[in-house]
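Walk me through this structure, one region at a time. Start with the helices, then go on to the pocket, the cores and the unusual backbone spots.

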Amino acid sequence: MGIVAGLDSSSAFTRIVVCDTDTGAVLRQGYAPHPVEPKATEVDPQAWLLSLGEAATGGLLEGVQAIGVAAQQHGLVALDAQGNLVRAALTGNDKRAQVAAADLIDGLGSREAWAKAVGCVPQAAQAVAKLRWLARTEPDAAQRTAGVLQAHDWLVWQLLGRPARRTTDRGAASGTGYWSAATGFYRPDLIELALGHQVALPEVLGPSDAAGTTPEGLLISAGTGETMAAAFGLGVGAGDAVVSLGASGSVMAVHHEALADPSGMITSFADATGMHLPVVHTSNAVRTLRGTAEMLGVEDLAELSALALKSTPGACGLVLLPYLEGERTPRLPHAAGTLSGLRRESMKPEHLARAAFEGMLCSLADALDVLRMRGVDVRRVFLLGAAAELPAVQAAAPAIFGTQVVVPQPAEYAALGAARQAAWALGVSQGTLAPHTPPAWQGAAAQIFEPGEELATGQAVRQQYIATRDEIHPGAFGQGA
């Protein structure tokens with residue numbers, strides 16, 4: 001038996017779990033907030049190290065043989081030729097690069113050209129757009145930029161004592177906008193397009209590779225982005241999709257190949273195991289529920305859920321298209337939400353509450369169908385986020401998604417994924433694990449919900465939603481989702 005650690009350096013805090021290498025059982029945990037505002041757009045990376053040090057106090061890492069690092073994605077750490085910071089790191093929360101992202105799309109010719117080149121269309125959060133923003137707004141800083149890293153790359157580099165070799169992994173690299181998950185190579189021409197000159201980029205490691213060993217003999221694994229680490233910690237594999245219920249929503253699935261999507265609805269990430277992780281985002285998820293709760297004067301989402309369950313599937317004919325903040329899937333950035341099917345008998349609070357839950361889930365089912373229509377196999381759906389615990393969500397989701405739904409118990413899945421990666425790299429280095437076989441840790445404890453006899457009813461609700469969507473927004477999905 002050995003001991004490994006996984007740390008998750010998010011935008012607001014550092015969490016560390018110390019695990020048994022064979023079973024994944026959590027032995028110890030540590031936590032510390034970052035000494036910065038949670039939604040800060042610029043951060044001194046030293047804050048990440050300070051938080052890490054605080055989280056690891058009290059002998060937390062005693063006996064640990066390897067560490068994996070997961071961290072917030074889409075940040076940009078610009079370094080000069082000596083490896084010093086050019087400026088504060090830009091975080092994924094920073095939306096100032098929206099115009100820069102649009103410029104890059106025009107610069108390469110089209111959204112389709114970007115999707116073909118790197119599997120995604122530039123967004124403000126991505127490193128490639130931040131480089132363009134830097135070149136346009138801080139040309140002196142841009143000119144001094146000789147190397148770029150993301151948060152997890154920088155933390156690994158610091159833990160190893162700032163060696164000449166800088167590394168990243170496929171997962172983190174796939175979110176930059178200048179590395180292709182399909183080819184496994186950087187696109188230096190896109191760096192040139194964004195920044196105006198070339199920079200040193202970190203070496204992309206394989207899932208079970210080690211980034212190096214500290215002077216004290218502690219092995220550091222490749223690390224990865226938070227999304228990829230969480231998927232690895234959950235134990236998702238081929239046939240699994242993960243639906244995340246935040247204010248906005250996302251659907252991702254494990255797939256055997258990268259998907260180039262000319263529409264730009266699919267972002268083609270790589271995962272932490274050597275597979276691929278195509279992701280489809282929606283602009284509206286739990287914000288739909290919160291808006292409905294406010295409209296009905298309901299105190300919280302638990303009360304809204306109870307109210308919705310007083311209605312029946314189909315919400316007495318009400319259909320809510322939840323495009324409250326425009327929508328990314330389908331691409332309707334200037335759309336508004338629509339409530340359809342109003343009749344005298346349907347004008348009751350419980351029916352509107354039910355329509356809000358069904359509309360949110362049907363919108364996410366649209367995103368899931370974008371992946372299914374590209375050949376992604378989905379046999380079960382992991383449902384994440386606090387809203388996944390709501391009875392109205394659990395009652396409707398399996399039949400609307402048309403598949404088994406798994407609601408994992410809350411846990412530090414990104415940190416667990418980082419620890420599992422550390423155990424993998426340690427096992428490979430010791431000759432006890434194969435480079436293509438991760439440690440078989442126990443999966444997440446979870447509730448499981450089946451569509452059962454409600455499947456036909458749920459699919460009728462879904463068809464009612466699709467008919468309304470296509471009538472109000474004809475051609476939004478081309479041939480349909």
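Ala 151, His 152, Asp 153, Trp 154, Leu 155, Val 156, Trp 157 and Gln 158 are the buried residues of α6 in this predicted model. The helix spans residues 151–159. Eight of its nine residues are buried, so α6 is largely enclosed by the rest of the structure. Gly 161 follows the helix. Its phi is positive, near 85°.

Now take α9. Seven of the nine residues of this helix are buried, so α9 too is largely enclosed by the rest of the structure. The buried ones are Met 228, Ala 229, Ala 230, Ala 231, Phe 232, Gly 233 and Leu 234. After α9 comes Gly 235, with a positive phi near 85°.

Met 228 is worth a stop. This residue sits in α9, which covers residues 226–234. Met 228 counts as buried because its relative accessibility is 1%, and the cut-off for buried is under 20%. What does Met 228 touch, leaving aside its neighbours within four places in sequence? Its contacts are Gln 73, Gly 171, Ser 174, Phe 269, Ala 270, Asp 271, Ala 272 and Leu 277. His 281 lies 53 residues from Met 228 in sequence. In space the two are 15 Å apart, C-alpha to C-alpha.

The second largest pocket brings α9 back. The pocket holds about 400 Å³ of space. It is lined by 22 residues, and those closest to its centre are Tyr 413, Leu 416, Gln 442, Gly 443 and Ala 444. Three elements give two or more residues to the lining: β3 (26–33), α9 and α14 (413–430). By type, the lining divides into twelve nonpolar, eight polar and two charged residues.

Two annotated spans come from UniProt. An unreviewed entry lists residues 4–226 as "domain: Carbohydrate kinase FGGY N-terminal". That span is 30% helix and 26% strand. Its end C-alpha atoms lie 18 Å apart. For residues 241–426, the unreviewed UniProt entry gives "domain: Carbohydrate kinase FGGY C-terminal". Here the chain is 37% helix and 22% strand. The end C-alpha atoms of residues 241–426 are 28 Å apart.

Next, the packing. In soluble globular proteins, nonpolar side chains tend to be buried together. The largest nonpolar core in this model has 58 residues. Which of them touch the most other members? They are Leu 245, Leu 383 and Phe 401. Helix α12 (residues 349–372) gives the most to this core, with 14 residues. Leu 383 shows the local detail. Leaving aside its neighbours within four places in sequence, Leu 383 is in contact with Val 243, Leu 245, Ala 388, Val 393, Ala 397, Phe 401, Val 405, Val 406, Val 407 and Pro 408. Leu 245 and Phe 401 are thus on both lists. Apart from this core lies another, of 35 residues. Among its members are Ala 229, Leu 234, Met 252 and Trp 424. Ala 229 and Leu 234 are also among the buried residues of α9.

Thr 403 is in the loop between α13 (391–401) and β23 (404–408). Is Thr 403 buried or exposed? With a relative accessible area of 5%, Thr 403 is buried. Beyond its neighbours within four places in sequence, Thr 403 is in contact with Arg 372, Val 378, Arg 379, Arg 380, Val 381, Pro 398, Phe 449 and Pro 451.

Last, the backbone. Most residues other than glycine have a negative phi, and most peptide bonds are trans. Ala 315 has a positive phi of about 50°, although it is not a glycine. Cys 316 also has a positive phi, near 55°. Ala 315 lies in the loop between α11 (301–308) and β20, and Cys 316 is in the loop between α11 and β20 as well. How do they differ in exposure? Ala 315 counts as buried, at 0% relative accessibility. Cys 316 is partly exposed, with a relative accessible area of 32%. Further along is a cis peptide bond, which joins Thr 329 and Pro 330. Its omega is about 5°. Pro 330 lies in the loop between β20 (319–321) and β21 (338–340).

Terms used
Residues are numbered from 1 along each chain as its sequence is written. This is a predicted model: local features need pLDDT of at least 70, side-chain atom pairs count only at pLDDT 80 or more; totals for chains, interfaces and linings use all residues. Side-chain values use heavy atoms; hydrogens and water are left out. Helices (H or I, at least four residues) and strands (E, at least two) are DSSP runs, numbered from the N terminus. Buried means under 20% relative accessible area, exposed over 50%, partly exposed in between (1.4 Å probe, protein chains only). Contact means heavy atoms within 4.5 Å. On a 1 Å grid over the protein atoms alone, a cavity is a set of points where a 1.4 Å probe fits but cannot get out, and a pocket is an open set with protein on both sides within 12 Å along at least five of seven lines; lining residues have an atom within 4 Å of a point. Grid points are joined across faces, edges and corners, and a volume is the space filled by probe spheres set on the points. Ala, Val, Leu, Ile, Met, Phe, Trp, Tyr, Cys and Pro count as nonpolar, Asp, Glu, Lys and Arg as charged, and the others, Gly among them, as polar. UniProt positions are given in the numbering used here, feature names are shortened, and annotations may be inferred rather than shown by experiment. A nonpolar core is a set of buried Ala, Val, Leu, Ile, Met, Phe, Trp, Tyr and Cys residues joined through side-chain atoms within 4.5 Å.
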